[in-house]
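Dear colleague,

I am handing over the structure that I have been going through, and you will find the sequence and the model just below. After them I set out what was found, starting from one helix and the sheet beside it.

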Amino acid sequence: MDIKSRSFSHSLIAKALAFVLVIFCFTQVVTLVLNVINRSHFGVALEKSYYLGEGFISESNNIISDLRSLSRYKSEENILAGGSVSEDRLRNRIDSLYWEFQVNSDRRSTVSSNSAMNSNSAVVEENVDEGSSQKPPSTSSITSPTQPGIYNPNLSDRENYQIFLEAYKEEIAKEKERLIQEDLYYYQTTLQRLASYKGLNYFLKAGELELTNHAELSKEEYTSYPAYMLFEGFIQNVYPQEIKENPRFYRIAPDAYVQDYPDVLYIGFEDEFLKPRIAEWQEDKEVANHALYQIAAYLAGLMASFIYLLIVWGRNSRHDQEVHLNTLDRLYNDFNILFCLGLISSWFILGFEFYQMQNAALIYPMTLAIATLGLILVLSLVKHIKNKTLLKHTLVYTIFHKLFSGIKAIYDSGSLGVKVAVLVIGYPLCIAITFFMFPITIGVAVWLSFKKVKEFKAIKVGVRRVKDGDLATMINIKGKGEFAQLAGDINSITDGLNKAVENEIKSERLKTELITNVSHDIRTPLTSIITYVDLLKTEEDPEKIKDYVEVLEQKSQRLKVLTDDLFEAAKASSGDIPVTFERIDIVSLLTQGLGEVDEKIQERGLDFKFNYPRERMWVKADGRLLWRAIENLLSNIFKYALADSRVYIDLEDAGPGIRLTIKNISAYELNISSTELMERFKRGDESRSSQGSGLGLSIVTSLIEIQKGSFTIEVDGDLFKAMIFLYKDDSKETPLSPQ
C-alpha cells in the first residue's frame, strides 16, 4: 500500500490533477475579486450598517459638494452678470493668452526675418550682377521695433503687456464670456443632479443667499426624517448617531479650512432615498461575504496544490534525487522571467480594456489561458532552482561565463611570456575599440604599469632585507597576480626561517634546562648517598647504622625513579616503543584502573567524580600505553592535588573521537604557564620540594601522540585541567580486555 501511494504521489496523473487545480483555483479567485470590485468593494463585508459604510459618506459628500457649488454660483442671474467669475480665474485665463501672445509673436518674427533675409539676398545678387558697389542693408533694420500687436523684447514687460491688452481686447472679452457659460453649464448640471435624488430635501444659507428644494421647513421638521444632518457653523446635529461614528465623517463635516462651506446646511433623507440604498448595501455585503468565503476556500486549494507541485515537480519518485528536464526547460531562465512579466502585463492591459468595454465575460478565459502559460514557465524555473541552475541557465551568464573562461584559460595555461603576449595583443585591440576615449585608455595603462613597477621594487627591497638577515620583513602586495604570488612565496620562506630559528633557540634552551635540571635532580640523592656511605664507614652504633641504611635505600630509590623516568621519556619521544592498536572500551579501562588505585585515593582523601554517557565508548589505542599515560596523570594528582578535594573525570563525544578530561585543584600555586608545564623537568612546584621528576606530562604527551591522539593542558588559577583526545573505533570486532 505504501509503495502504491508513493508511486501515485509522483505520477503524471497526480501532477496533472494538481496542475489543473492550481489553474482553476487561481482563475476563480481572480474572477471573484473582480466581481466584488466591480460591484462595490471588500470593505463592505466589515461594515456593520449602511450609515457606517463608505457608500453613505461618499454619496453624502457628493451632495454636499454640489450644495457648496450652488452657494458659490448663487443664481443664474448672478452667473450671467459675471458674479461667479472671480478675478483670479479671469487672471489665469488672461495669463494663458499673454503666453500665447508671446509665442505667436516670436513665431511671426522668425518667419518675417527669414523672408527679409531671402529678399535681401536677392538684392545683393542683383547688385553684384550689375557691377554696383552698393552694400547690402543691415539685418537690424529688417523688423521695426514698434510694430503694433507683436511682442517686442526691446520693450519692458509692462509696455509689452499694454500692447497685449490692446491687441487681445476681443479675446479677453470672449474668455470672460466662456467662463460665464462654463459656470452656467455647471450650475444647471448641478441642479439636475440634485433633482435626481428622490427623497432628498436640503436647505442652505450662505450670507444673504438661501436655497432649498421644497417648501420652507423648520429645523424641527428636519428632525422628523429617518436620517438627517444639520450643520450650523461647527454645531452638528446628526441622526442616526452611527453617521457621526463613521470614521470617514470628517469628509462631510464643516471644516475651518474650507471657506465656501454654507453658514447653515440642513439635509434630510426620506425613506424613498434610504430604503433602496440600504437594500443595495445589504446585497453588496452578502455578495462580499460569500465571495470572501469562496476566495478563502479556493486559496487553500491553490496553496495546497501549488506546494505539492513545488515538491514533486521534476522528480519521478519520492527517493528520486535527479531533476528531469524537458525541451521547455531548455529555454533560458532570463527569457522565462521576461515572458512571465510579459504575461502579467498583458493580463492587466487586456483586463483593463475588457473592463472599459464592460465585457467581463472575456476576463475568465483570458485569465485561464495566461495562468496556464504562466504556471508552466514558473514550474520550469522551479526545476532549475532544484537543479541549482537558476543563474547558470541564463543567456547573460552563459555569454559572460564563456567569455571569461576563454580569457582565463588562455591566461592561466601559459607561462609569464604567454601572459605578456596576451597583454601585448589585447592592449592594441582595447585601444582600437576605445579610440573615442584614447586619453583615458592611455592613462589606465600608465597607472597599471606604474603599479606593477612599484610591486617589483617592493619585492626587490624585501629580498635584499631578507638577504641581510632581517627575517621579520613582510612583502605586502595585494591581489592574485604573478608578483603577489612571488611575494607570498618569499613571505612563506621568511616564515619558515623564523620558525626554524625559533625552534633552534628553543631546542638549545631546553637542552640547557635539561642538563641543569637532570644534574640538579640526580646530584641531590647522589650527594646524600655519598654522605651516608662515608658516615657508615665510621659509625659503630647499630641503631644509627640502621637509620643510615634506610636513608640510603630512600635516596637510591629516588635515583632509580629519576633514571627510569628519564629513560622512559627518551624512549617515548624517540618513538621506539612498539604500539599495538586495539578496540578498547575506555569506560571499562577507567573504571578498572580507578579501582586499582583506590587505596591511594582514600589515602589522599580525594573524591573522584566520573561522568560518562550511558552508551559504551570505543577508542582505537594501545591499552597498555593508554593506561600508562592515564596512570601518569593520576600519579600527578596524588602528588600535587589538594588533599580532601574533588577530582572530575569527564568523557564526551567529540565528533570523530573521544575527549577525556581530568580536572583537579592544585595544592601548590600554579604560577607557571601551561606551555612551560609541558616542558621536561618542569613542575608546578617551582620550589622543587615535591618528589616528582617533572617528566610525567612530557611522557603522557609522547605516549598519546604515538597512538595518533593529542594531549593538552589548561591552567586557570589553581585549577589544573588535562585533556586527551583519541579517535573512535567504529569496527564491530570483539575488543580486547584493557591492560
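**Helix 20 and the five-stranded sheet**

In this model, which is a predicted one, helix 20 (residues 623-640) lies across strand 7, strand 9 (646-654), strand 10 (657-665), strand 11 and strand 12, and its direction makes an angle of about 15 degrees with that of strand 10. The five strands form an open sheet in the order 7-9-10-12-11, and their pairing is mixed. Strand 7 (607-611) and strand 11 (710-716) stand at the edges of the sheet with a single partner strand each, so that one side of each has no neighbour there. From one strand to the next, the twist averages 15 degrees.

The partner of strand 11 is strand 12 (residues 719-727), which runs antiparallel to strand 11 and is joined to it by seven bridges; within this pairing, V715 has F720 of strand 12 as its bridge partner.

Strand 10 also offers a residue to look at in detail, since T661 is located there. With a relative accessible area of 8%, T661 is buried, and, once the neighbours within four places in sequence are set aside, T661 is in contact with Y648, I649, D650, E652, K721, A722 and M723.

**Strands 3, 4 and 5**

A further set of pairings involves strand 3 (residues 227-232), of whose six residues five are buried, so that this strand is largely enclosed by the rest of the structure. Strand 3 is joined by six bridges to strand 5 (residues 264-269), the two running antiparallel, and in this pairing M229 stands opposite I267 of strand 5. Strand 3 also pairs with strand 4 (residues 235-239), again in the antiparallel sense and over five bridges, with I235 of strand 4 as the bridge partner of E232. The hairpin made by strand 3 and strand 4 has two residues between the strands, and G233 in this hairpin takes a positive phi near 65 degrees.

**Nonpolar cores**

The largest nonpolar core has 51 residues, of which I63, L67, F164, I267 and F269 touch the most other members. Helix 3 (residues 54-73) supplies the largest share of this core, namely seven residues. For I63, leaving aside the neighbours within four places in sequence, the contacts are with L194, Y197, L200, I267, F269 and F273. The residue I267 thus appears both among the best-connected members of this core and as the residue opposite M229. There is also a second, separate core of 42 residues, which includes L594, I637, A641 and I704.

**Residues in helices 10 and 11**

S305 is placed in helix 10 (residues 271-312) and is buried, with a relative accessible area of 5%. Although S305 and A18 are 287 residues apart in sequence, their C-alpha atoms are 5.2 Å apart in space. A18 is also one of the contacts of S305, which, apart from neighbours within four places in sequence, are A18, L21 and V22.

I337 is found in helix 11 (residues 333-356), and here the relative accessible area is 41%, which makes I337 partly exposed. The C-alpha atoms of I337 and L377, which are 40 residues apart along the chain, are separated by 8.0 Å.

**Cysteines**

The structure holds zero disulfides. Two cysteines may nevertheless be mentioned for their surroundings: C25 is buried at a relative accessible area of 4%, and C340 also counts as buried, at 14% relative accessibility.

**The chain as a whole**

For the overall picture, the secondary structure of the protein chain comes to 22 helices and twelve strands, and 35% of the 739 residues count as buried. Among the contacts in the protein chain with a separation of 6 or more, 71% are between residues 24 or more positions apart. The accessible surface of the protein chain comes to about 45700 Å², and 58% of this surface belongs to carbon and sulfur atoms.

With kind regards

Methods:
Residues are numbered from 1 along each chain as its sequence is written. This is a predicted model: local features need pLDDT of at least 70, side-chain atom pairs count only at pLDDT 80 or more; totals for chains, interfaces and linings use all residues. Side-chain values use heavy atoms; hydrogens and water are left out. Two strands pair if DSSP finds at least two bridges between them. Helices (H or I, at least four residues) and strands (E, at least two) are DSSP runs, numbered from the N terminus. Axes are lines fitted to C-alpha atoms, for helices over the stretch in contact, and angles run from 0 to 180 degrees between N-to-C directions. Contact means heavy atoms within 4.5 Å. A nonpolar core is a set of buried Ala, Val, Leu, Ile, Met, Phe, Trp, Tyr and Cys residues joined through side-chain atoms within 4.5 Å. Buried means under 20% relative accessible area, exposed over 50%, partly exposed in between (1.4 Å probe, protein chains only). A disulfide is a pair of cysteine sulfur atoms within 2.5 Å. Accessible areas come from the Shrake-Rupley method with a 1.4 Å probe; for residues, only the protein chains shown count as cover.
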